[in-house]
Each structure stands twice: as structure tokens, then as C-alpha cells.
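Please open the structure in a viewer and keep the sequence panel visible. The tour below proposes a series of selections and describes what each one shows.

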There are 2 protein chains.
Amino acid sequence: MRAPAFTKRVPAGDNREREVCDHCGFVDYVNPRIVVGVVCTWEDQYLLCRRAIEPRRGFWTFPAGFLEQGESPEEGAAREAAEEAGADVIVGALIGIYSIPRIGQVQMMFEGQLRSPDVVAGEESLEVRLLPWSGIPWDDLAFLSVSAALRHHHQIRGRPEFPAFRVTLGG
Amino acid sequence: MRAPAFTKRVPAGDNREREVCDHCGFVDYVNPRIVVGVVCTWEDQYLLCRRAIEPRRGFWTFPAGFLEQGESPEEGAAREAAEEAGADVIVGALIGIYSIPRIGQVQMMFEGQLRSPDVVAGEESLEVRLLPWSGIPWDDLAFLSVSAALRHHHQIRGRPEFPAFRVTLGG
């Protein structure tokens with residue numbers, strides 16, 4: 001096998017440069033990716049996971065990750081809660097959409113109700129905890145979108161209907 | 001150049017099969033793609049475009065297309081309106097999120113106010129029109145998500161705040 005050798009070119013029928021492999025002509029269409037996450041609560045407590053993987057290993061987040069093929073956003077959010085925290089969650093309303101154009105991500109964060117407080121660290125978590133609002137480690141959260149979605153969740157909690165927040169993050 | 005030769009394998013550190021090129025080891029991570037669209041209105045009229053490209057050439061839609069790297073969803077929706085209909089639009093509230101897991105798409109459709117009624121067919125449109133609600137060609141719309149978002153827009157029109165609709169389409 002030879003290593004891939006990509007060159008920027010405009011493919012036929014397109015109007016912008018893409019990475020095209022010099023060996024095989026494969027066009028690597030790179031589109032923004034979707035991250036889905038869920039702010040899981042049990043009574044007044046929030047489920048947080050300490051990341052076992054980079055980026056931001058050792059920092060805290062609620063369950064979130066890349067949406068996979070064949071999933072709806074709600075299904076992906078529930079899968080991440082199961083994988084990262086062994087959590088069984090009912091995914092609810094959309095809290096907000098956090099777009100980060102610089103890194104090509106659109107993050108969709110949902111409310112979620114845990115069906116039980118039994119949670120356990122998955123492979124991508126060092127530990128998981130149920131914490132009251134006053135116990136959230138704001139200085140040790142992994143990403144800006146995590147703190148934004150937690151604060152938004154706190155604002156809308158208990159409201160039967162609300163418009164999703166829309167935030168563009170980064171420079 | 002040799003044609004790419006992809007085989008399904010589980011890359012190191014991953015937990016599901018991906019397409020890996022036998023020639024160069026390139027891993028083609030395929031994630032769902034984001035479509036952004038905007039229901040553009042001018043007074044009581046809706047901007048519709050007749051598609052000049054497949055799929056569904058000859059059928060009607062509002063401006064929509066794949067989000068590109070470096071764009072927020074709102075910027076992508078405004079770009080599509082400019083490209084497909086020469087339209088200058090102020091992108092407003094999120095009408096709804098229409099996910100189609102079978103084809104790996106999450107579609108985000110926005111409200112939009114045209115700054116002027118001057119519109120013109122772009123390269124991907126056969127023609128563009130401003131039509132009253134009663135003139136929308138329901139039987140000749142291009143996609144289910146187009147008719148869904150138009151109906152949802154009609155339901156929420158004039159409301160200052162509303163929760164985004166969330167619909168999963170397809171089997």
C-alpha cells in the first residue's frame with residue numbers, strides 16, 4: 001500500500017476545491033459533521049462524564065459524540081449516553097444548536113431524563129457522576145458548547161415549549 | 001492512477017466497520033451530512049425553485065443544499081438562496097429538523113425574509129417563482145421534507161417564538 005496523496009483540485013461539476021487522491025482519483029468530500037449530545041438529569045442532578053480520550057482528556061462533559069450513519073439525532077444522543085455512561089435516557093426537547101464553523105461541526109444538544117440513576121463509566125470515560133447544579137465543575141468543563149448547553153438547559157428547565165437556542169462559537 | 005478499492009474493516013481504535021482503501025489505507029469515515037434550507041417569503045408569497053439537477057429534476061423546492069466547511073447553518077442557508085435563486089434573504093428562526101437516517105441526512109430548515117422580490121434562476125434551477133400559499137404545487141414538490149417544512153412554516157408563521165419541529169422521515 002502507498003500512503004494516500006491528496007491534492008486540492010476542483011472536481012468536474014463542482015464549484016470549489018476538494019482533496020483529490022493522486023493515486024486513485026478518490027474525491028474526499030469533507031462536509032461539516034454533526035455532534036449529538038444529551039444533558040441527562042435524574043431529579044435535580046446532572047450526569048457528567050470525565051473524558052478518558054483526547055481532546056480535553058480529564059475534563060468534564062455530558063454524553064456527546066459524532067452522529068453515525070443510519071441514526072436520527074435523538075438515537076445518536078441516546079447511544080452516546082449508553083456508551084459513555086451506561087445510561088438509559090429518554091431523549092427530550094432540543095436545547096440548542098451550537099455551530100463551530102472553524103472545526104466544521106454542528107452540535108445538537110438535547111434534554112434527557114434518566115430512567116434510573118445507575119450509571120457507569122464507559123471506555124471513553126474516566127468516571128461518571130450525578131451532580132447538583134451547584135456542584136458542576138465549570139472551570140473543568142471540556143468545551144464551550146458543554147457549558148453553553150448546561151446554562152441553556154438551566155434556563156429552560158420545566159418549560160413545556162421553548163425555541164432552540166442557536167449559537168455560533170469560535171472565530 | 002488506479003481506481004480506489006475500498007474494503008469494509010474496523011480501523012484500530014474504532015468500534016465499527018468503515019470503508020478502508022486497499023491501496024493506501026485511507027479510511028473513508030462517512031458521517032451523516034447536513035442539508036440547510038430556507039423557506040423564503042416576500043409578503044405573502046413563497047419563493048420556489050424548479051430543480052435543474054437530479055435527483056428530482058423538474059420538481060419544486062425552496063433553496064436548500066449541503067452545508068459546506070467553514071459555514072454556520074444560517075450562512076449556508078443564505079448561500080443556497082443566493083446560488084439557486086439570486087435571492088438576498090435574512091435567515092430567521094429554525095422551522096424544524098428533518099432527519100432521514102436511511103440516506104444519512106439531517107436537514108435544518110429556516111424561515112427567511114427576502115430583502116427584495118428580485119429573484120432569478122441560478123445554475124441549479126430551471127426557473128424560480130414567487131407563489132401564494134394557494135399556488136404551491138403540492139403534487140410537484142421535490143422531497144417530503146420540502147412539503148413538511150412548508151406546512152410547518154404555515155403553522156408557525158407570525159409566532160414570535162416556537163419550538164423547532166423534529167421529524168424523522170423514511171423507513
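The stops below go from one whole chain to its sheets, then to the core, and finally to the contact between the chains. Please bear in mind throughout that this is a predicted model.

**Stop 1: chain A as a whole**

Select chain A and display its C-alpha trace, which spans about 55 × 35 × 30 Å along its principal axes. In cartoon view, chain A shows two helices and 11 strands. Followed along the sequence, these elements come in the pattern β-β-β-β-β-β-β-α-β-β-β-α-β.

Next, colour all 171 residues of chain A by burial; buried residues make up 37% of them. How much of the contact network joins residues 24 or more positions apart? Of the contacts in chain A with a separation of 6 or more, such pairs account for 63%.

**Stop 2: the two domains of chain A**

Colour residues 1–30 of chain A as domain 1 and residues 33–168 as domain 2, following the domain assignment. A distance drawn between the C-alpha centres of these two domains of chain A comes to 35 Å.

**Stop 3: the three-stranded sheet**

Select strands S1, S2 and S3 of chain A. They form an open sheet in the order S1-S2-S3, and the pairing is antiparallel. Which strands stand at the edges? They are S1 (6–9) and S3 (27–28) of chain A; each has a single partner strand, so one side of each is left without a neighbour in the sheet.

Now restrict the selection to S2 (residues 18–21) and S3 of chain A, which run antiparallel and are joined by two bridges. Show side chains here to find Glu19(A) opposite Asp28(A), the latter in S3(A).

Move to chain B and select its strands S1, S2 and S3. Here too is an open sheet of three strands, with the order S1-S2-S3 and antiparallel pairing. Its edge strands are S1 (6–9) and S3 (27–28) of chain B, each paired on one side only. Strand S2 (residues 18–21) of chain B is joined to S3(B) by two bridges, and the two strands run antiparallel. Within this pair, Glu19(B) stands opposite Asp28(B) in S3(B).

**Stop 4: strand S9 of chain A and its partners**

Return to chain A and select strand S9, residues 105–114. Is this strand largely enclosed or open? Eight of the 10 residues of S9(A) are buried, so the strand is largely enclosed by the rest of the structure.

Add strand S4 (residues 33–42) of chain A, which pairs with S9(A) in the parallel sense over nine bridges. Then add strand S8 (residues 89–100) of chain A; S8(A) and S9(A) pair in the antiparallel sense, over nine bridges.

Centre the view on Gln107(A) in S9(A). Gln107(A) is the bridge partner of Val35(A), and Gln107(A) is also the bridge partner of Tyr98(A).

Follow the chain through the hairpin of S8(A) and S9(A), where four residues lie between the strands. Select Gly104(A) in this hairpin: its phi is positive, near 65°.

**Stop 5: the nonpolar core**

Display both chains and turn to the largest nonpolar core, which has 76 residues. Those with the most contacts inside this core are Val38(A), Cys40(A), Leu47(A), Val38(B), Val39(B), Cys40(B) and Leu47(B). S8(A) gives the most to the core, with seven residues.

Zoom in on Leu47(A). Apart from neighbours within four places in sequence, Leu47(A) is in contact with Cys40(A), Phe62(A), Ala85(A), Ala87(A), Leu114(A), Val119(A), Val128(A) and Leu130(A).

**Stop 6: where chain B touches chain A**

Select the contact between the chains, which takes 34 residues from chain B and 34 residues from chain A. On chain B, the strands S4 (33–42), S8 (89–100) and S11 (165–168) each supply at least two residues of the side that touches chain A. S8(B) gives the most to that side, with four residues. Coloured by residue type, this side of chain B divides into 19 nonpolar, nine polar and six charged residues.

**Stop 7: the symmetry of the pair**

Superpose chain B on chain A: a turn of 180° with a shift of 0.0 Å along the axis gives an RMSD of 0.0 Å. The two copies are therefore related as by a two-fold rotation axis. Finish by selecting Pro163(B), whose C-alpha is the nearest to the axis in chain B, at 2.1 Å. The same surface serves both copies, as 100% of the contact residues of chain B recur in chain A.

Key: Residues numbered from 1 in each chain as written. Chains lettered and ligands numbered in written order. Predicted model: local features only at pLDDT ≥ 70, side-chain atom pairs only at ≥ 80, totals over all residues. Contact = placed C-beta atoms within 7 Å. Nonpolar A, V, L, I, M, F, W, Y, C, P; charged D, E, K, R; others polar. Domains from an automatic or database assignment. Least-squares fit on C-alpha atoms with pLDDT ≥ 70 in both. Pairing = 2+ DSSP bridges. Buried ≥ 20, exposed ≤ 12 C-beta atoms within 10 Å, placed from the backbone. Core = buried A, V, L, I, M, F, W, Y, C linked by C-beta atoms within 7 Å.
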